[in-house]
Structure formats: C-alpha cells, structure tokens
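User: I am new to this structure. Please take a close look at its interior, and then at a few loop residues around it.

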Amino acid sequence: MDQARSTISKLFNGEPHSYTRFNLTQNMEGDNSQVEMNLSSNMEEEVGGNGVGDHLNHNSTHKPYAAQKLGRKPKNLCFMAAATLLIFIIGYLIGYLVHRKKDLAPTCEASVETYIEPFDQETGPAPLMDWDDVKKLLAQKLSAAKFEPVLREFSSVNHRAGSPGDDALANKVMKKFKEYAMNFWTDEHYVKVQDPPARGYNRFNFKNGSDERPQGFLSYSPNGTVTGTVLYAYYGQESDFRLLRDKGINLTDRVVLVRVGLISCAEKVANAAKMGASAVLIYPDPADYSIGDSTALFGHVHMGSGDPYTPGFPSFNHTQFPPVQSSGLPKILAQTITASMANNILKQLGGQIEPESWGGQYQLGDQSDIITVEVNNVLIEKKINNVFGVIKGFVDADRYVVIGAQRDAWGAGFAGSTVGTSILIELARSISDMVKNDGFKPRRSIVFASWSAGEYGSVGATEWLEGYLSSLSMKAFSYINLDRVVTGQKKFKVAASPLMYRLIEATLTEINSPNKDGTLSSQFAKGNMELNVLEPLKLDNAAYPFLAFSGIPSLSFGFTSDTSEYPFFGTLLDTKENLNSATANQVAQLTEIATRFAGHIALRLVHDHLLRMDFMKYNNIIRSHVGQINSKINTVKKMHPQLLPKVLTMQWLMSASGSYSRASRKLMEDIKNSDLDDVEMCRIYNDRIMTVERNFLSPYVSPRESPFRHILLGSGPHTLKALSNHLDALRTNHPEADADLFHNQFALATWTVQGCANSLAGDIWSLDNQI
C-alpha cells in the first residue's frame, strides 16, 4: 500500500494544477485524529461562491449543503467516479505485482543450507555467469600439458630468501602479472633471520670422540655451548616427555635426541625446554625417512611465525619500535644432525630400554653418555619482497580472497615452492583470461600473493598480515594456501577453518579424481569427509597465521603419500626427480587437479551473492569444549573443593555458548527470509559472517606473548583447550596449576565467546547477553 500510495501521489503531483495534501493532527486530550483533505482543480474555479477555501473551511457560519451541492454536479460526479476507478485499478495492479515479486524472489535459504545456486538468471549490478558456465570456463583454461613449461620456468636450484635467485623469481612473477594486465605491486620488508655460520661451524662431541660438524642447522636457535648427558625422547611430543617423567627419569639439563616428524621442530624444542632440557638434537630416523644417512636438514625453531625480532608489528625499513624478541624464541640450543650421526649416538647409549610403544629398540641413555653441543648461527638482516597481483571484482571490489604461495626454498624446493608458485601463476592467467575474453565478472576481488622467507616460518606472509591487519580484518574474507599441494598421490588432505567445511565438501564433488573414475569425494572422502579428508591446521602450515593470528578463514590442502610425510622437505633433495618418484611421474596431472580445486574454491567465493561460510559449524565445536570443561570442573570440585571458588560456575560459559547458538540460528533465519536481489542486504550479511573468525581472537592477550589468539584453533593459555588442560593440572595437583589464574582465563574466554555472539547478532538491540 505504501508503494501504491507513492505511485498514485506521483501521478497526481505530476498534474500542473492539482495536488492532494493529507494533514494529520492529533488532539492532545486523546480525541481521534482529524483529517482535512483539500482538493483544488480548475473546475472548482467555475463554481460560484468564494472559492474552495470557503467551501471546506470548518466554520459554523457556512451552510453544509453548499459543499454537497458542489459535489453533486454531474460533471464533478463523472470526474470523481473516473478518478476513483483509476485509483482502484492502479492500486490493484501495483499490489499484484508486489505480491508476485515477493513470491518469486529468490531467497538465501538455498545458498546457505544446500549451497545450490537457486538462480536461473543472476541479478544485481553485475551481470554474472551461471556457476556451471564458470566451471566449464576454468576447465577449458587448465591442462596438465600447460603446466610443464610453467614448472620448468619457475624451477631454480638456488633461491633462498633474500638471495639473487629469490629476486629473479619475484621479477618473473611480477612480469607474468603484468602480462595478464593485472594490477600488481610489491611489499618490501627488512627481516632478521639466522643462517648457518659463514666461516665457522656448528658441532657436537659425544663421549670425547671426534668432533662432528653437521651442515644443516635450525634458524633462531640460541648460540653457545652446553655439556650434558644424552636422553632419547622419541618424537619429542608432550606425551613422550610425560612418559619419561613417569618412568622416574630426570630430564633436567639433558641433551635430548629426538626424531623428525609428527610435530614441528619448534614444538619439539619448546616441549624439551618445558622439561628443563639444555639442548635438542633432531635427526631423520631411517624408519621414517629414506633420504640417505648423510642428508642435512634445515629448518627453524621459532614457536610462531614472522620475524621474531618484530613480534606483532611489521619489519618495514627504519621502523621506530624498540628492540624486542618474540616469546616464541627458544631458550635452549637446537641443532639438526644426520641419520648416521644419530645412529652412532644411539648404539652407544646405556640406561633403560625405550618403551614398547616406541619400538623397544633403543636405550634411553644414562649419566655416562656425555655430549657437548655448540651452535654458532649468524643473525643477519635480509631484504625480502612479496609480490601481489589483483583481479578486481565488479560489485564488492573492496572484498577479496587471497591466494598465496611460498617462493623461496633451502635448495631446489620443487615440491615446497615451485609447484605452488606455478599454480599461482596458472590461476592468475586462467581467471584473468576469463574476465578479459569470456565475460566473467567476479563480484569480489582475487589477490594473488607470492611470499618470500617462507622457510624461516612464513615470514613474508606474516609481516604482510602485521603491516595491514587493521584493514585486512574486514576486507580479506579467506586465504587459500598453495604450498606443498603435491607430495604424493594416495591421499587428499585438507586443513581449514570450520567455516569452510561445507564449501570444501561441495567442491570435492565437483572435481574429477586423478584416475578419472569419479570425483575427489568418491575416491578420497568415501562417504565421510571429516574422517578421511580433513585434518587439523598445524602450527608450521603457512595458512595458520592467517587463521589463528588474523582471524581470516583459511584453507590448506594437497595430495599426499599413503603412509608417511614427503621426506625431502627441509633438505636439498626436494627436486623434480624425487617428486616424480613420489607421484609415479604424475606431477603435472596432480598439479592440474590441485589447481582446479583451489580455483573452484576461490571462484565460488567471489561468484555468489552470499559468502559460503557455514557459521553454524562452530556451534558443535563450542559445545564440545564446554562439555569437556564442565565435566572437568565438576571433577576438580569433587576431588579438591578448596581449589576452585564457589562463585565459579559453568553458567557463564554455557550462557555464552547459548548466545552464539541463538545468534547463528537467528542470522540463518534472517538470511532465509531475505531477497538476494538486495545487494546491500547481502553485503551486510556477508560483513556479519566475516566477523565470526576475527571475533574468536582473544582481545585480552598480547600478540607478542600469544600471537595465535584464536580461542578455538590458536595456541596459548587463553584457548578453550588450554582451559581444559589447566583443569587436568588442577586435578593432579601439578605445581604449575594456579586456580586464580584459571578463574581469570575462564572469565576472559567466556566473554570472548559472548563477544563473538554479540557481533554475529548484528544490531545492538538484537544482542542476546544473559551473562
């Protein structure tokens, strides 16, 4: 009716000598409103009397029959009848059209619940393609044959971060972006990294034997010399050290010998430091890695990412921040050794036999197994360049998905960097060609990023995040990592934010499997994607800082071997020949499929009206954590009632969890009942969805002390997992347990969940805050 009234008003106002004015006045004493309607027309001037004002003036001295007489003239009656009929017809037609539009308007329900594009014809400012046509176009642009020359072009024997080889590859990437008519730019950083001694060497001496001088090294280890007794600790996991402690073995000041694998080198060193060890030696056990007895290992031991000497802020030139170090830098020495060096130590160890669960083969070491370790790494400053290219969107150009790949490597780095860089280039070529020549118009932008210094702990990527975090948090809505996407052919693994699980599942059904017999879903998911495909996003994954530090939903994926990790990462043997051997000479074919997977994810995110982020997925994750914490609090209160204050109840955290659940369901209902033709409304919904991941970052911890602030997927005492572990420590009366500290962390984590729920709710009057 409002639309009908507006249209009718416009029709009448279009007449030069007529108008309709509604004057509504409210009696202050509560009487009903009085309505005065004045009609003026040329016809009224022909009527005798003092004019229209006299006839409709509410004055008792005028006789009412005069107005009636005027209204009953045949000419006026015909005019009024015609006007009434016209008003009725126009109102009926407008009402019918509005009602029909509401019935036919596409809603967000299909987009959210089934993730099937419900449109026969796209609407909005940019004429968009049907999704099936977009998929076909991408398939036409990519082929295994096209990857062969790209892989050759971006192969390099020596391209360590900041080296001439690294700069040469950066120039090649930039040249390609320019060739594809993309906007491109570079981001320059001056970072501090550790390299092996330029003139001296690192060494160790076991039982007064000859000095051993390993060629490999671990960046960011402290320098110095320590002497202690050797202790074999399997993979150096927390559970491994607890097992040794439970066996009554003293770990203080021991030089720990551990195998490569399962967790990162940084985590191994951090775990050893917690137990009071003085140094860590890391080696590749032949049972895990068939890389030869004398192969050197390279890596880093920073329990974080980025330049550890500028934690929380970017390493731009001449930054005015005071000297500071990341809390993730180790306090004990760390060094890699070869398999033959480790075997020489292991066969001479005394002491107890290792647990059967470890293999029951090696002895753990005793007080006579003395070793001296010396580390002399060199801390230097390097200039690195990140290279970017962008394909701009046609509707929301200021919203973008970022696709990134590491460019540097210790040696050839074929699987570690060459494959990912080649995929980045081919995706940029294919999608830019779709835009230029095939009429594809993405709603949002795609940023292609080539990172440097990835081998030192995602330094280039993290410095970019730190430099532009305030703008990225509401602009970059997802990150796709292209590192290490082809290391085998037997399995397909994905590590990602839970927000992206349903999008991943849908994409797996769209991509053909390597053997062309079915899809990636039918070959690798086998009916249960979460069990057979999904895996946790690890600390040393380049996508991890995007998710846990910046709150950007992120994804990392790849083809892997059936039983073990690709053995040549961190060595000089990561070559094309070794990767061909690991993939049965299917590198180009697997790379093409990996490119399709990444391309489908990216294109789906920039194509649809609504971002395909399943924000309700976190409901189950939060409830699972809350259930564990509740059970453990009850156990601690029963066993040690004096530890936790009576005022501490689960009501707070349960209320926050319920608030998030209700806010997510309400947003889902709002989206279901919305019209996707309303571009601004969908933009508002997308912005609310984009806040979910970011608001799980705890605002109560320092990025220097705990850079990975995500309370569900990060690391540190602020996480819900840490709360659960703290309760275990309280239950066992562990000396590091602190009831007051737990109470404080519990409150802050609770309010972080509640804050995320409040943000998801949207308007301030929609908040569901019962705490």
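Analyst: Here is the interior, followed by the loops.

This is a predicted model, in which local features need pLDDT of at least 70, side-chain atom pairs count only at pLDDT 80 or more, and totals for chains, interfaces and linings use all residues. Residues are numbered from 1 along each chain as its sequence is written, and side-chain values use heavy atoms, with hydrogens and water left out.

Start with the whole chain. The protein chain has 25 helices and 17 strands. These are DSSP runs numbered from the N terminus: helices are H or I with at least four residues, strands are E with at least two. Of the 771 residues, 52% are buried. Buried means under 20% relative accessible area, exposed means over 50%, and partly exposed lies in between (1.4 Å probe, protein chains only). Among contacts in the chain with a separation of 6 or more, 78% join residues 24 or more positions apart. Contact means heavy atoms within 4.5 Å.

Now the core. The largest nonpolar core has 174 residues. Such a core is a set of buried Ala, Val, Leu, Ile, Met, Phe, Trp, Tyr and Cys residues joined through side-chain atoms within 4.5 Å. Phe448, Ile504 and Phe557 have the most contacts inside this core. Helix α20 (residues 587-607) gives the core its largest share, 11 residues. Ile504 is in contact with Val494, Ala496, Met529, Leu555, Phe597 and Ile601, leaving aside neighbours within four places in sequence. A second, separate core has 24 residues, including Ala449, Ala476, Leu537 and Leu539. In soluble globular proteins, nonpolar side chains tend to be buried together.

Next, the empty space. The whole structure holds eight cavities of 30 Å³ or more. A cavity is a set of points, on a 1 Å grid over the protein atoms alone, where a 1.4 Å probe fits but cannot get out; lining residues have an atom within 4 Å of a point. A volume is the space filled by probe spheres set on the points, which are joined across faces, edges and corners. The largest cavity has a volume of about 100 Å³. Its lining has 14 residues, and Ser305, Pro311, Gly312, Glu466 and Pro707 lie nearest its centre. By class, the lining has six nonpolar, five polar and three charged residues. Here Ala, Val, Leu, Ile, Met, Phe, Trp, Tyr, Cys and Pro count as nonpolar, Asp, Glu, Lys and Arg as charged, and the others, Gly among them, as polar.

Gly312 leads on to a loop. Pro703 touches Gly312 and Phe549, not counting residues up to four places away in sequence. Pro703 is in the loop between α23 (679-695) and α24 (720-731). Pro703 is partly exposed, with a relative accessible area of 33%. Its C-alpha atom is 8.0 Å from that of Phe549, 154 residues apart along the chain.

Another proline sits in a loop too. Pro514 lies between α15 (501-508) and α16 (520-525). Pro514 is partly exposed, at 27% relative accessible area. Leaving aside neighbours within four places in sequence, Pro514 is in contact with Leu520, Gln523, Phe524, Phe559, Leu590 and Ile593.

Last, the backbone. Most residues other than glycine have a negative phi. Leu262 has a positive phi of about 70 degrees although it is not a glycine. Leu262 is in the loop between β7 (255-259) and α11 (265-274). Asn733 has a positive phi of about 55 degrees, and is not a glycine either. Asn733 lies in the loop between α24 and α25 (739-761).

Key
On a 1 Å grid over the protein atoms alone, a cavity is a set of points where a 1.4 Å probe fits but cannot get out, and a pocket is an open set with protein on both sides within 12 Å along at least five of seven lines; lining residues have an atom within 4 Å of a point.
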